[in-house]
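Reader: I would like to learn how to read enclosed and open spaces in a protein model. Where should I start?

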Amino acid sequence: MIAVNKDGDYIVAGSDNDAYEIGRFSKKDAAAFEKFEADMTEMALIFREIAENRPPNMGGGILEMWNAAKIGNKLRKYSTEQQQKLIEIMACSLGDYLDNRFETDILKGLYAGDGSTGNFVHPYSTGSALNLLHHEFGNIKGKLGKWWHSKGGMGGITQAMRKSAEAHGAVIETDAAVKKLLIEGDPKNGGKAVGVVLEDGREIRAARIAANCTARILFTKLMDVAALPESFGTRMKNFRYGSGSLRMNVALSELPQITALEGNPHAMEEMKRSILICPSLRYLEKAYNDARMTGYAKRPFVSMNIPTLMDDTLAPEGQHIASLFCQHFNPVLPDGGDWNALRDDAAQAVIDTVTEIAPNFKNAILGMQVLTPQDLEREYSLTGGDIFHGSIHLDQIYSLRPAAGYADYRTPVQNLYLCGAGTHPGGGVSGIPGRLSAQEILKDAKKRRAA
């Protein structure tokens, strides 16, 4: 990652030259950063082990007690200091966590921005540091905290999945929206899912159904939530959504010329990183407060990636695409406001923010796609525009995701499973929720055959 600001400063973290880069600002922080990185790697390893295993179900009987005991036994191998570090990053605020380690504003801003991604909370809100750890368990060829750029864009991932599924006999339909679930019997007393009804009226029957939509959509739109057990139905209605995110995809006539990198012989390589605009924790506080009071940050946190620097098939020669991930944009506007009316103003705030660090950016824009929280919900069925299918807060993770007693990807309806980011361990395009869900589905299928 590289953080830049309008004053022409920049700082790089996560390179082979961290000590020098950070030492330009603070020798103390350069020394502290080595321990910070070691701690984050250590915590990411522990968190990865937790993330890759199905959580125990609360109240699930002796088998779940055994599952919890196995997980507890794994955690026992970690020292008291390691366990303390894990609890601290899970319970501490993002601001306090960084203030306790660094003195340089732009360095704290870099990690505050990364840690706020997809999390619409004040940076000094209790538990907000957890999101920083959540972003650290990415894994590329054994390197923790790293994430891939997919050649061909995110569609390259889904096309690869499609080819693999079809090679194993799957039949895939697109543009086939589901209208409702077909359920036989009473969901409160042994009801089971037997298929779906599509918007075009067709019925498709199935022995098992795996849903990758949000829990809110599955249980309140595709079926009657009142038919579910009361406590579960209440939990689904109250599950919190809203990552406070806005996405922009921008076609550019030329590469952004970042003032802070002028004269840097490695500027092109640096621009292949995620370019973050979040110069301080105070900047992030103001962005959040603006969004709470007026609907959107006047100077938002922006994470800009330029995928054409790694995949030149995405744009004509000499031209580029910039992908902008932006915080904070309130999914529920004050005073009943409408995002359709604010879209242009919000987009302009992002453009102005990027132009402050790259003066040619605004005039280089050939076209753009702006996705407000409302657009993300309408176009991609992300409830509240939430990229994580539900807030990653302490009361909505692990055995409580999506609800106590249902952290095993099963639901109160027999043969109906959740397999998306609304389950453990949450979002991030890791594939882990789907794999863990598939394991539970296969277990049930084997039991049924054995019976």
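Author: Begin with the enclosed space of greatest volume. In this predicted model, the largest cavity has a volume of about 90 Å³.

Reader: How many cavities of 30 Å³ or more does the structure hold?

Author: There are 2 at that cut-off. The second largest cavity comes to about 30 Å³.

Reader: Which residues line the largest cavity?

Author: Its lining consists of I46, E49, I50, N53, R54, I71, K74, L75, Y78 and Y398. Two helices, α2 (27–51) and α3 (62–76), each contribute at least two residues to this lining. Sorted by class, the lining has 6 nonpolar, 1 polar and 3 charged residues.

Reader: And how does the lining of the second largest cavity divide by class?

Author: Into 4 nonpolar and 5 polar residues, with no charged ones. The residues around the second largest cavity are L94, G115, S116, N119, V121, H122, P123, S128 and L284.

Reader: Now the open spaces. What is the volume of the second largest pocket?

Author: About 360 Å³. Its lining has 15 residues, and R54, N67, K70, E440 and K443 are the ones nearest the centre of the pocket. Two or more lining residues come from each of α3 and α16 (432–450).

Reader: Which element gives the most to the lining of the second largest pocket?

Author: That is α3, with 7 residues. Helix α3 also supplies at least two residues to the lining of the largest cavity, and R54 appears both in that cavity's lining and among the residues nearest the pocket centre.

Reader: What is the class make-up of this pocket lining?

Author: The second largest pocket is lined by 8 charged, 4 nonpolar and 3 polar residues.

Conventions. Residues numbered from 1 in each chain as written. Predicted model: local features only at pLDDT ≥ 70, side-chain atom pairs only at ≥ 80, totals over all residues. Heavy atoms only, no water. 1 Å grid on protein atoms, 1.4 Å probe; cavity = no way out; pocket = protein on both sides within 12 Å on 5 of 7 lines; lining within 4 Å. Points joined across faces, edges and corners; volume = space filled by probe spheres on them. Helix = DSSP H or I, 4+ residues; strand = E, 2+ residues; numbered from the N terminus. Nonpolar A, V, L, I, M, F, W, Y, C, P; charged D, E, K, R; others polar.
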